[in-house]
Amino acid sequence: MSALNERLEEDTPTPVLTAKNVVRRFGGVTAVNDVSFDVRRGEILGLIGPNGAGKTTMFDLLAGSVQPSSGEIMLNGAAVSGEAAHRRIGRGLGRTFQIPRPFPNLTLLDNVMLAAQSQAGEGLLANFLKPWRVKAEEKAAHDKAAELLELVNLSRLAHEPARVLSGGQRKLLELARVMMADPAIILLDEPAAGVNATLLEVIIDRIRDINARGITFLLIEHNIDMVTRLCHRVLVMASGQLLCEGTADEVARDPRVIEAYLGGAA
Ligand SMILES: Nc1ncnc2c1ncn2[C@@H]1O[C@H](COP(=O)(O)OP(=O)(O)OP(=O)(O)O)[C@@H](O)[C@H]1O
Ligand SMILES: [Mg+2]
């Protein structure tokens, strides 16, 4: 390889995640219509757009809970279209849900521990043959879950059932839960929705901290203040299509974006 090629390669590392001409139809509705973009390693990329633009469907397609009608999804350079959601978790993709649904009667600690990627204690046989290993893994998962609850300021509620949490605290629990599988990229679907101003600051700080550890984010959010403060780059979707891309300030000034939001409100 020539020195120039090597340099070019260094300048353009493989994106963490790529959508290439992705289409998804539900009956007569084209929820995602020929969308292509890259998520660059280490960035916080925003995804905004009016209600019904196709943002959550795009997440479902990236995470594997919905499969594309056509097009390609690449994760760390590997084509993963058609691959199930749990396999993509194994490849380092984590996602949170627009409406978090923790197990209400389990403690916060158990809710986070349940998200552990592999558990030697899963099989009865493992329990019988290697009980010491199961114990050691349980202890490691417990300690990690406790640390993650501390990271999101929920330590003092670790032994409470998840049903006592406010909407905002549930979003923080989601963040701890998703971190349990050591993701390289986290997709966040409206982490600020229904969150009060104090908790919002906690969530913004935590996303910054986690990003500083090298974890990439793709963030769906209607809260433009949060998008402006966090995102290095922003994509705008409207009616299933990618409308434009730029910094938060650039897209906020783009007449096509303004029209899409006004059109949606009409
Ligand atoms: N499973 C489904 N079956 C049929 N239609 C669907 C399905 N999922 C999404 N849609 C439709 O696809 C379009 C995009 O929905 P989506 O939830 O992706 O939008 P969104 O941008 O996340 O909106 P919001 O900001 O309100 O969360 C909508 O018209 C929606 O009704
Ligand atoms: Mg949505």
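Guide: A residue is buried under 20% relative accessible area, exposed over 50% and partly exposed in between (1.4 Å probe, protein chains only). This is a predicted model, where local features need pLDDT of at least 70, side-chain atom pairs count only at pLDDT 80 or more, and totals for chains, interfaces and linings use all residues. Residues are numbered from 1 along each chain as its sequence is written, chains are lettered from A and ligands numbered from 1 in the order in which they are written, and side-chain values use heavy atoms, with hydrogens and water left out.

Visitor: Which class of accessibility does Asn153 fall in?
Guide: Asn153 sits in the loop between α6 and α7. Helices (H or I, at least four residues) and strands (E, at least two) are DSSP runs, numbered from the N terminus. The relative accessible area of Asn153 is 40%, so the class is partly exposed.

Visitor: Which residues does Asn153 contact, leaving aside neighbours within four places in sequence?
Guide: Contact means heavy atoms within 4.5 Å. On that test, the partners of Asn153 are Val202 and Arg206.

Visitor: What separates the C-alpha atoms of Asn153 and Leu172?
Guide: Leu172 is one of the buried residues of α7. Along the chain, Asn153 and Leu172 are 19 residues apart; their C-alpha atoms are separated by 8.2 Å.

Visitor: How far apart are the end C-alpha atoms of α7?
Guide: Helix α7 has 13 residues, 167-179. Expected span is 1.5 Å times one less than the number of residues. That gives 18 Å, which agrees with the end-to-end separation in the model, 19 Å.

Visitor: How many residues of α7 are buried?
Guide: The buried set includes Gly168, Leu175 and Met179. It packs against β6 (93-95), α4 (108-113), α6 (131-151), β7 (185-189) and α8 (197-212). The helix is largely enclosed by the rest of the structure, because the buried count is 10 of the 13.

Visitor: How many residues of helix α2 are buried?
Guide: Helix α2 covers residues 55-63. Among its buried residues are Met58, Phe59 and Leu62. It is largely enclosed by the rest of the structure, since the buried count is 8 of the 9.

Visitor: Which residues coordinate the magnesium ion (ligand 2)?
Guide: Donors are N, O and S atoms within 2.8 Å of the metal (3.2 Å for Na, K and Ca); water is not among the atoms, so sites may look incomplete. Two oxygens, OG1 and OE1, lie at 2.0 to 2.5 Å, from Thr56 and Gln98.

Visitor: How many residues apart are Thr56 and Gln98?
Guide: Thr56 lies in helix α2, and Gln98 in the loop between β6 and α4. Thr56 is partly exposed, because its relative accessibility is 26%. Gln98, at 34%, counts as partly exposed. The pair links distant parts of the chain, with a separation in residues of 42.

Visitor: Which strands stand at the edges of the open sheet?
Guide: Strands pair if DSSP finds at least two bridges between them. The antiparallel order is β2-β1-β4-β5. Two strands have a single partner each, so one side is left without a neighbour: β2 (29-39) and β5 (78-79).

Visitor: How many bridges join β1 and β4?
Guide: Strand β1 (17-26) runs antiparallel to β4 (70-75). Ala19 partners Ile73, and Val23 partners Ser70. The bridge count is 5.

Visitor: Which residue takes a positive phi in the hairpin of β4 and β5?
Guide: β4 and β5 are joined by 2 bridges. Met74 stands opposite Ala79. The hairpin has 2 residues between the strands, and the one with phi near 50° is Asn76.
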